[in-house]
Amino acid sequence: MFVLPFLSLFTAVACESGTEHTAPAITDRDSVALMITYGVNTLISDSGVMKYRIVAEEWEINQNRNPSRWTFRNGLFLEEFDKNFHVEAYLQADTAYYYDVKRLWELRGRVRVRTKDGMRFMSEELFWDQNNHELYSNRHSRLITPTRELEGSYFLSDERLTHYIITNSKGSFVKGQDGFVTSESDTILSAPDTVKSKLRTPVNPKAKSPVAPLASQQK
């Protein structure tokens with residue numbers, strides 16, 4: 001009878017001293033990434049065939065953000081291979097976002113693209129819509145073909161840069177069907193007036209008329 005009060009008191013003290021203090025649960029799930037990887041150099045397959053290579057300093061996959069996205073804060077370099085594993089094209093940017101649900105790439109900073117046909121694209125912004133198979137930019141863009149160079153404030157093209165349109169453009173090109181420019185029709189014939197003014201107008205040479213002798217002129 002005398003021991004039981006002491007045992008109950010000791011039990012109460014022991015239970016009180018064993019209480020754990022835990023931090024509150026994270027409520028902002030938007031800040032929690034599914035994966036963050038550093039020093040990325042990996043191959044990506046398409047239909048069982050190695051198609052792309054990604055090189056990045058940091059790769060974050062966050063499915064809790066709206067919309068879900070991959071983030072490449074410190075730059076992205078993407079190569080595309082053919083079936084023989086030869087590099088067909090490459091793409092690079094200072095910062096990149098891939099919205100996996102929308103299948104949309106957003107490239108920022110020094111964006112550079114090169115195709116297997118030698119077409120080069122440069123801008124501070126580029127969107128790659130994989131659902132609609134098109135590229136577009138609302139910033140000043142520069143496109144260099146093997147024979148011509150174009151610049152403009154708006155750019156729209158297919159994924160292969162074979163049909164494209166540039167507004168407020170500077171350079172030389174031929175307007176194709178539906179207002180699109182094609183690499184096959186690229187020529188100087190439709191150059192702007194600022195370019196044409198620098199070209200000499202062709203002149204057909206004509207023989208000079210004979211000059212009469214000075215003696216016959218005096219008569």
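Is Arg 108 buried, exposed or partly exposed? I started my notebook with that residue: Arg 108 has a relative accessible area of 26%, so I wrote it down as partly exposed. One caution before the rest: I am working from a predicted model.

**Entry 1: confidence**

I checked how far to trust the model. The mean pLDDT of the protein is 75, and 63% of the residues reach 70 or more. Strand S6, residues 95-99, has the highest confidence, with a mean of 96. Helix H2, residues 193-196, has the lowest, at a mean of 40. I marked residues 183-202, where pLDDT stays under 50. The model still gives that stretch 28 contacts beyond four places in sequence. Residues 214-219 also have a pLDDT below 50, and I found two contacts for them beyond near neighbours in sequence.

**Entry 2: the overall picture**

I counted three helices and 15 strands. Of the 219 residues in the protein, 32% are buried. The accessible surface comes to about 15,200 Å², and carbon and sulfur atoms account for 54% of that. I also looked at contacts between residues at least 6 apart in sequence: 29% of these join residues at least 24 apart.

**Entry 3: salt bridges**

A reminder to myself: side chains of opposite charge can pair when their charged atoms come close. The structure holds 10 salt bridges, and I followed up a few.

I went back to Arg 108 first. Its side chain meets that of Glu 125 in a salt bridge, at 2.7 Å from N to O. Arg 108 sits in strand S7 and Glu 125 in strand S8, 17 residues apart, and the pair links distant parts of the chain. Glu 125 is at 6% relative accessibility, so I filed it as buried, next to a partly exposed Arg 108.

Next came Lys 51 and Glu 80, whose closest N and O atoms are 3.8 Å apart. This salt bridge connects strand S2 (residues 49-62), which holds Lys 51, with strand S4 (residues 76-81), which holds Glu 80; the two residues are 29 apart. Lys 51 is partly exposed at 22%, whereas Glu 80 is buried at 11%. I noted that Arg 160 joins Lys 51 and Glu 80 in a network of salt bridges.

The third pair was Glu 88 with Lys 116, with 3.7 Å between the closest N and O atoms. Glu 88 is in strand S5 (residues 87-93) and Lys 116 is in the loop between strands S7 (104-114) and S8 (120-129), so this pair ties together parts 28 residues apart in sequence. Here Glu 88 is buried, with a relative accessible area of 17%, while Lys 116 is exposed at 56%.

**Entry 4: Ser 68**

Where is Ser 68 found? I located it in the loop between S2 and strand S3 (69-72). Its relative accessible area is 10%, so Ser 68 counts as buried. The side chain of Ser 68 makes a polar contact with the side chain of Asp 100, at 2.9 Å. Leaving out residues up to four places away in sequence, Ser 68 touches Asn 62, Gln 63, Tyr 98, Tyr 99, Asp 100 and Val 101.

**Entry 5: strands S8 to S12**

I then walked along some paired strands. S8 and S9 pair in the antiparallel sense over three bridges, and Asp 129 has Glu 134 in S9 as its bridge partner. Four residues lie between the strands of this hairpin, and His 133 there takes a positive phi near 55°.

In S9 (residues 134-137), I found Leu 135 and Ser 137 on a covered face and Glu 134 and Tyr 136 on an uncovered one. S9 also pairs with strand S12 (residues 154-158), antiparallel over four bridges. In that pairing, Tyr 136 stands opposite Leu 156 of S12.

Which residues of strand S11 are buried? I wrote down Leu 150 and Gly 152, which point to one face; Glu 149 and Glu 151 point to the other and are not buried. This fits a rule I keep in mind: in a regular strand the side chains alternate between the two faces of the sheet. Strand S10 (residues 141-144) is an antiparallel partner of S11 over four bridges. A hairpin of four residues joins S10 to S11, and Ile 144 stands opposite Glu 149.

Note on methods
Residues numbered from 1 in each chain as written. Predicted model: local features only at pLDDT ≥ 70, side-chain atom pairs only at ≥ 80, totals over all residues. Heavy atoms only, no water. pLDDT = per-residue confidence, 0-100. Contact = heavy atoms within 4.5 Å. Salt bridge = Lys/Arg side-chain N within 4 Å of Asp/Glu carboxyl O. Buried < 20%, exposed > 50% of the residue type's maximum accessible area, 1.4 Å probe, protein only. Polar contact = N/O pair within 3.5 Å; in protein donor to acceptor, adjacent residues only side chain to side chain. Areas by Shrake-Rupley, 256 points an atom, 1.4 Å probe, with all protein chains shown as cover. Pairing = 2+ DSSP bridges.
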